[in-house]
Every structure is written in structure tokens, then in C-alpha cells.
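Reader: I would like a close look at one helix in this model, and at what surrounds it. Please keep to what can be checked in the coordinates.

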Amino acid sequence: MKVVQIGNHFFPCIGGIEKIMLDLCNQLNKKNIQTSVICLNTCANSSKKLEFEEKVNGINVKRLDYLDLRLYKIAPEVLNQVKDFDVLHVHGLG
């Protein structure tokens, strides 16, 4: 089974949802469930772009460009990135 965690931010960004996503990925990987993360390519309140693709503690992470509408961040590319996953776990819909 392949699971992807989708959220606005992930490590090295620090916050509650980021920590939960990291913990979930680590626990699922211990159970031999392949887990990945898809998120935006910046941390909150930062304009510095992060790497498109990297591994964090063995977790595949992809960071996408997005359209910033202030309250909503839209990353259409996410639809192309999730095709091979069995479960999509979305964090923080807003």
C-alpha cells in the first residue's frame, strides 16, 4: 500500500501539522507501508524556495510551486503527483 500525506508545509518547516505528518509517516514506514509527502515549496512567512524533491528520514518529499491567494494556496500539480498512491491523506484543507 502506498500512502501520501498532503499538506501546506513539511520539514524543515516547523509546526503542529508538520510534526503530525512526520510522526504519521514514521509510524507507517515502521509497518512497511510506503509513505510520501507532497507539500508547498516554501515555509509559512518565507519566500525562500525549498528543494523540489528530497528524502527526510527516508520519507520521499515533493514540494510544489503554488498560486498564493492569501487564504488559499493552490498547487494544481498535486493532481499529477498523486496518481500512483492508494491513500491520499490531506491535512489542513484551507
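Author: What follows goes through helix α1, then turns to salt bridges and a surface patch elsewhere in the chain. The model is predicted, and the values below are computed from it.

Helix α1 runs over residues 16-30 and has 15 residues. From its first C-alpha to its last it reaches 21 Å, close to the 21 Å expected at 1.5 Å a residue. Its buried residues are Glu-18, Met-21, Leu-22 and Cys-25. These lie on the same side of α1, because they cover an arc of only 100° around the axis. What do the buried residues of α1 pack against? Their partners are three strands: β1 (2-6), β2 (34-40) and β4 (59-64). On the other side of the helix, Gly-16 and Lys-30 are exposed. After α1 comes Asn-32, which has a positive phi, near 60°.

The helix also holds a salt bridge, between the side chains of Asp-23 and Lys-19, with an N to O distance of 3.0 Å. Both residues belong to α1 and are four residues apart, about one turn of the helix. Asp-23 has 32% relative accessibility, so it counts as partly exposed. Lys-19 is also partly exposed, because its relative accessibility is 48%.

A search of the whole structure finds four salt bridges, among them the one just described and the two that follow. Arg-63 pairs with Glu-54, and their closest N and O atoms are 2.7 Å apart. Are these two partners buried or exposed? Arg-63 has a relative accessible area of 2%, and is therefore buried. Glu-54, at 32% relative accessibility, counts as partly exposed. Asp-68 forms a salt bridge with Lys-73, where the closest N and O atoms are 3.1 Å apart. Here Asp-68 is partly exposed, with a relative accessible area of 45%, and Lys-73 is partly exposed as well, with 29%.

One more feature concerns the surface. Leu-67, Leu-69, Leu-71, Tyr-72 and Ile-74 make a nonpolar surface patch of about 540 Å². Of these residues, Tyr-72 is found in the loop between β5 (67-68) and β6 (73-74). Its relative accessibility is 51%, so Tyr-72 counts as exposed, the cut-off for that class being over 50%.

To return to the helix: α1 has its buried residues on the same side, packed against β1, β2 and β4, while Gly-16 and Lys-30 are exposed on the other side.

Key. Residues are numbered from 1 along each chain as its sequence is written. This is a predicted model: local features need pLDDT of at least 70, side-chain atom pairs count only at pLDDT 80 or more; totals for chains, interfaces and linings use all residues. Side-chain values use heavy atoms; hydrogens and water are left out. Patches are made of residues with over 30% relative accessible area and no salt bridge: like charges are joined within 9 Å, nonpolar side chains (Val, Leu, Ile, Met, Phe, Trp, Tyr) within 5 Å. Accessible areas come from the Shrake-Rupley method with a 1.4 Å probe; for residues, only the protein chains shown count as cover. Helices (H or I, at least four residues) and strands (E, at least two) are DSSP runs, numbered from the N terminus. Buried means under 20% relative accessible area, exposed over 50%, partly exposed in between (1.4 Å probe, protein chains only). The expected span of a helix is 1.5 Å times one less than its number of residues. The arc is that of the directions from the helix axis to the C-beta atoms. Contact means heavy atoms within 4.5 Å.
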